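These are my notebook entries on a single protein chain. I set out to look up its overall make-up, its disulfides and one of its sheets.

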Amino acid sequence: MWLLGVPWALALLVGAAPPGPSAAPLDPASIFSDLSVAELRAVRTFLMERPELGLAPSRGGPLAKNSLFLVELLPPPKRVALRFLAHGGPRPRREARAVVFFGAQAEPNITELAVGPLPRPSSYRVLGLRGGRAVPFWARPMTQLEYELLHEALVAAVAPLEPLLREATGFGFQNCSARCLTFSDVAPRGLGPGERRTWLVIQRFVEGYFLHPVGLEVLLDHRDPDPRRWAARRLWYDGRYFGSVRELAELHARGALPLARLPEPPARHLFSSYEPRGRFFTGTPTEVHGAKVCEPQGRRYRLRGNRLEYGGWSLAFRLRSSAGLQLFDVRFGGERVAYELSVQEAIAFYGGHSPAAMQTKYMDAGWAMGASSYELARGVDCPETATFLDAHHLLDADGPVRFTRALCVFELPTGVPLRRHFDSDFQGGFNFYAGLEGRALVLRTTSTVYNYDYIWDFLLYPNGVLEAKVHATGYIHATFYTPQGRRYGSRVHSHLLGNLHTHLVHYKVDLDVAGTGNSFETMDIRFENISNPWSAGARGVAWQGGPGQKWEKDPPAQTPTRVGPAPGLTPPPHLPRYHLAVTRRHENEPSSSSIYSQNNPWDPPVTFESFIRDNETIEDQDLVAWVTVGFLHVPHSEDVPNTATPGNAVGFFLRPFNFFDEDPSVASRAPVIVRPLDPPTCSHLEIQRWTPPSPGACVHPEPFTYNGTYRPV
C-alpha cells in the first residue's frame, strides 16, 4: 500500500549549462518526452500547409485570423503505453496536441487537433473535449498580439488624462522615454460568458513595477475582433469611480479632483529592487560565499534523456507548455507505484477595494505557466553542481522557442539524518551509534506567471518517499492604497496595499500500486476507553487504529475536507475545493483544468466537479487521486521587495505503508555505524563506513571521528 499524505501547510526545508542530452531512441521513457525542436517545426509546417485550415502567422496581422497557438506532446493512451512498457514491441504512435484559434470565420472558435505520426506528420484529427462542446473564441488565452493592441488602445483612450498623470506621478504614456507608465491586467475578463473586458492597473515602469500602482485603474472592453472598436468603459481613481475618461479629465482640468501625488522614485535603493541596503545588527559577513552543495565523487544519479534514476527510483519526466512538470512511469525497486504525477493548476483568489483587486481570480494554466519556465540561475535557483536542462516551447510563436536552463536536477543534503539512533548504556557510554545521512534528489523548474514565481519540486528520498512541493515567491499582486482598502489587506508601503489572497495548487496522482486495480480506503484513528486487564477496576485511554471505510463509489462531495479560503474568496464551482478527491481514471479526463478556464470560468470546457459526481465504482479500479494544497497569504511589509520562500511552501508526500518488508534505504551504502570494542570504557571504537573517509576538498579533510561518551566533569 502506498500512503498519500496531504499536509495543508509544510514547513520549508531550505534548499539545475549545457543543453540536456536528447532522449535515447530506444529508451522506453522517450514515449513521454517533450517534442523535439524538429518535431515542433514539423507539426507547424504541416498545419500551415493545409489549405483547409487557412492558418496565418501568429505575430502581426489582425486578431480575426486563423492561427496556431500551441503545440505540445499528446501522451499516448495509458493502455497502449503500459502494454509497450511491459512487453516492448512497436512504439506507441507519437502525436502532438495542437491548439488552433479559428478567428476568421462566421462562428469563431478554438479547436484542438491531434497531429501525427511524428516525426513526419501526415494527418490530423479533431480532439473532442469532454462533453463535445466547442470552445468559444472569446475564451481564448491572451496573445502577444492582443497585448500589443491592448497597449495601443489604452494609450489612445487615456490620452486626455496625460496632464493628470504627469502632475500626480511624474510619468506618462506619451513621449515618455525613461519615465513611462505601464499596466498589469487581471482576470477573469468580465462578469459573465461572452465578455472580454479587462481591468488594467496603471503603474510606473520602474524596477519592480508591480509595486508601483499610481491609483488609476481602467476597464477596457476588447471583445470585438476589430481593435478600433475597443473602448474604456469605466475608471477608478484613488477610491472613486468615473463613467468615462472625459469625466475624469474635466474634473482635473477644473481643479476639482484631489490628486494622489506620488513622491519621486529614488535613483538608487528603490524599495522594489534587490539592491542591498542597510546592515545586519550582528555584523556577521554576508559579502563572502556561504555554504554550498558539492559532489565530491561525482553524481549519484543518472540522467538519460528524460529518464531519471536515483537509488531505487526510476521515472520519466516532461515539461508541458500548458501546465508544467509531469512525471510518468514512476518506479521504486523496479515496481511501478504511479503512472502519472503532475501539476494541474495553480489559482489565486484576491479580495480588495479597487475593482482590479476584487475581480482578480488568477488561474495560471490560462497564462501558460508551463511555458513560463525561464532560466534558472546557477548557485541561486539551483546548486552549482546541478544538471541543467533546456526546454523548447511552441506557444504563441511562429516557431519553437528555446528556454535555456529551464529545469535542473541535483542531489540535496537535507541537513537532517534520514534516520539515526544513539544507543546509550546508561553508564556514561553507549552500545552503538548508527546514522544515515539525509539526501534527496530534486527535479525542479519554475513558473514566473506575471508577478509571482512558483518553484516546483519533486523530491525523491532513499526510503521510497516522494514529495511534491511548491514554493511561492516573486512580487505580490498589489493595488493602490486607500483607507477603505485596509479591510482587504495590509498597507505594505506608503501608497501600496498588499491584497489578501489564497493560493491553491492542484495535482494529479495516478497511483498504480501493484497494478492498475486499486481501491480507496481510509484508516480510522481514535481514542478508546479500555479496562486495564492487569489491574482490576483501573481504566485507561489508548489509541486505536484500524480499517476505516473502503469506498465503493466516488466519495460524496462533502467527504473530503473542503479548502477554506477567506470569506469572499470562495472558488467558482468548477475549480478544485478538496484536499483529496479520488475518481476512476478516464482517458477523456486527462486534466482537472484547462487553458480556457481563466477567461471562461462560468462555463468552462473542463469542470472538475463532474469528475466526482458520476457515482462510479472505485473498488479495484484504475484510480486517480486529485490533491489540493494551498495557503492563505496575508501580505505584510516583509513581502517587500518579494515574498520570501520560508513559510510559503506547500506540498504532499507519497509514502510506502506496509509495502516493503523493511525500510528500503537499508540498501544505501552511506550509513555510519560506531561500536565500542571495550565497553563500558569506550576508548577503542570500531567505525564502519562504506564511503571513502575524505574523498575531496569539499568534504572535511579529517577522517570521521566519534566519541559517544558522557562523563562527569
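Entry 1, overall make-up. For the count that follows, I took helices as DSSP runs of H or I with at least four residues and strands as E runs of at least two, numbered from the N terminus. The model I examined is a predicted one. On that basis I found seven helices and 35 strands in the protein chain. I then looked up burial and noted that 53% of the 713 residues count as buried. For the surface, I recorded about 32,200 Å² exposed by the protein chain, with carbon and sulfur atoms supplying 54% of that area.

Entry 2, disulfides. I asked how many disulfides the rule gives. A pair of cysteine sulfur atoms has to lie within 2.5 Å, and by this rule I counted two disulfides.

I began with the link of Cys176 to Cys180, where the S to S distance is 1.8 Å. The 85 degrees about its S-S bond make the link of Cys176 and Cys180 right-handed. I noted both Cys176 and Cys180 as buried.

I next turned to Cys382 and Cys408, whose sulfur atoms are 2.2 Å apart and form a disulfide. Here I read -80 degrees about the S-S bond, a left-handed link. This pair joins distant parts of the chain, 26 residues apart: Cys382 sits in the loop between β17 (361-363) and β18 (387-395), while Cys408 belongs to strand β19 (residues 401-413).

Entry 3, burial of single cysteines. Are Cys382 and Cys408 buried or exposed? The cut-off for buried is under 20% relative accessible area. Cys382 has a relative accessible area of 3% and is therefore buried. Cys408 stands at 0% relative accessibility, so I entered Cys408 as buried too. I also looked up Cys682, which is buried because its relative accessible area is 5%.

Entry 4, a sheet. I followed an open sheet of four strands in the order β20-β21-β34-β35, with antiparallel pairing. Which strands stand at the edges? I identified β20 (419-424) and β35 (685-689); each has a single partner strand, so one side of each is left without a neighbour in the sheet. On average, neighbouring strands of this sheet are turned by 10 degrees against each other, direction ignored.

Within this sheet I looked more closely at β20, which pairs with strand β21 (residues 430-436) in the antiparallel sense over six bridges. I noted Phe422 opposite Tyr433 in β21.

Terms used:
Residues numbered from 1 in each chain as written. Predicted model: local features only at pLDDT ≥ 70, side-chain atom pairs only at ≥ 80, totals over all residues. Heavy atoms only, no water. Buried < 20%, exposed > 50% of the residue type's maximum accessible area, 1.4 Å probe, protein only. Pairing = 2+ DSSP bridges. Axes fitted to C-alpha atoms, helices over the stretch in contact; angles between N-to-C directions. Areas by Shrake-Rupley, 256 points an atom, 1.4 Å probe, with all protein chains shown as cover.
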